[in-house]
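Here's a quick briefing to read alongside the coordinates. It goes topic by topic, so feel free to jump around.

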Amino acid sequence: MRKIAVIGLGHVGATVAYTLVTKGIADELVLIDTNSDKVVAEQYDLMDAIARLDTSTKIVVQDYAALKDTDVIISAVGNINVIQQDGDRFGELKFNEAAVQEIAPKIKASGFNGVLINIGNPCDVVTAYYQELTGLPRNQVFGTGTFLDTARIQRALGNKLGVDPKNIGGYVYGEHGESQFVAWSTVTVNGRPVGEIEADYRINYEELETDSRRGGWYIFNGKGYTCYAIATCAVKLARAVLADAHLAAPVSTYHPGLGTYVGQPAIVGKNGIESLVFLKLSELEDGQLKSSAEFIKQKFDGLNRP
């Protein structure tokens, strides 16, 4: 039986839950949020949808004990109002720091020993905090990280070249935030290194990278939040765990050489992070990764330990 839990039923968490149910990915779904009325409302709305679906999902709400035999927890906690006020992902840190302090001990007490995928911002710091407070092995706790940012550079470059974004390869590394960077040395277009075609298409790397890094804000400024793309990323990663797919994806996971969680390519399977993928980066890119990792470490070290 495929059992998934979603903690945090805001715009993103609700979209994740909807996707899991309508695609028939979860046989049992546990929904948890501080707002009990919202959780029950989502439960009934989804149950009404199940009556018209070809699949069925059992939905349990507000039960941390149900996490004991859960395969994957997707944490989507956050406070979008904080970001709306100052336009900074780190604006949510104080809120999510307190949330993790409340949630992690309950996850630990449940006996959960599956894979925890964090969406909440600042993603790298919050993911590291979850790992520390749950006591789960590092491979079993990772964040969506730069998986979404990589999709955004695929979109930006695909639009520029008139190419299906799925035919764009490569990775965005570093923080899911302002210090992230596109590792252009890894980027391919229809299998060809982007450097081979840059002159023909007059590719402006800086412009494309800005488009990728600021992509979320374009959406945020228009509707006040983002939900579809990040929910899709989280669900794809959860499916990779359930199917032991050994999916290569850039996620926020622990880098032993840098001593912190940071966005980097990894192989995702039934144990969470099965292995890391160490690609040869340029000297500039290597420096950017170290700088981004140091920024994340400083923020993590500044947390108030319970």
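In this predicted model, a nonpolar patch sits on the surface, built from Val40, Tyr44 and Met47. Together these three offer about 280 Å² of accessible area. The notes below start with that patch, then move on to the cysteines, a strand pair and two helices.

**Surface patch**
- Met47, one of the patch members, belongs to helix H2, which covers residues 36-50.
- How exposed is Met47? Its relative accessible area is 39%, so it counts as partly exposed.
- As for the spacing of the patch residues, a bit of helix geometry is handy: an α-helix has 3.6 residues a turn, so residues three or four places apart point the same way.

**Cysteines**
- How many disulfides turn up in a search of the whole structure? The count is zero.
- As a reminder, a disulfide is a covalent bond between the sulfur atoms of two cysteines.
- Take Cys227: its closest cysteine sulfur is in Cys233, and because the two sulfurs are 12 Å apart, that is too far for a bond. The cut-off for calling a disulfide is 2.5 Å between sulfurs.
- Cys233 has a closer cysteine sulfur of its own to check, in Cys123, but at 11 Å that one is also too far for a bond.
- Both Cys227 and Cys233 are tucked away: Cys227 is buried at 5% relative accessible area, and Cys233 is buried at 8%.

**Strand pair E11/E12**
- Strand E11 (residues 260-269) pairs with strand E12 (residues 272-276) in the antiparallel sense, and four bridges link them.
- Which residue in E12 is the bridge partner of Ala266? That would be Leu276.
- The connection between E11 and E12 is a hairpin of two residues.

**Helix H1**
- H1 runs over residues 11-22, so 12 residues in total, and spans 16 Å from first C-alpha to last, close to the 16 Å expected at 1.5 Å a residue.
- Why call H1 largely enclosed by the rest of the structure? Because nine of its 12 residues are buried.
- The buried set is Val12, Gly13, Ala14, Thr15, Val16, Ala17, Thr19, Leu20 and Val21.

**Helix H9 and its link to H1**
- Tyr228 is part of helix H9 (residues 228-243), and at 58% relative accessibility it counts as exposed.
- Val16, one of the buried residues of H1, is 212 residues away from Tyr228 in sequence, yet their C-alpha atoms are 8.4 Å apart in space.

Methods. Residues numbered from 1 in each chain as written. Predicted model: local features only at pLDDT ≥ 70, side-chain atom pairs only at ≥ 80, totals over all residues. Heavy atoms only, no water. Patch = residues over 30% accessible without salt bridge, like charges linked within 9 Å, V, L, I, M, F, W, Y side chains within 5 Å. Areas by Shrake-Rupley, 256 points an atom, 1.4 Å probe, with all protein chains shown as cover. Salt bridge = Lys/Arg side-chain N within 4 Å of Asp/Glu carboxyl O. Buried < 20%, exposed > 50% of the residue type's maximum accessible area, 1.4 Å probe, protein only. Pairing = 2+ DSSP bridges.
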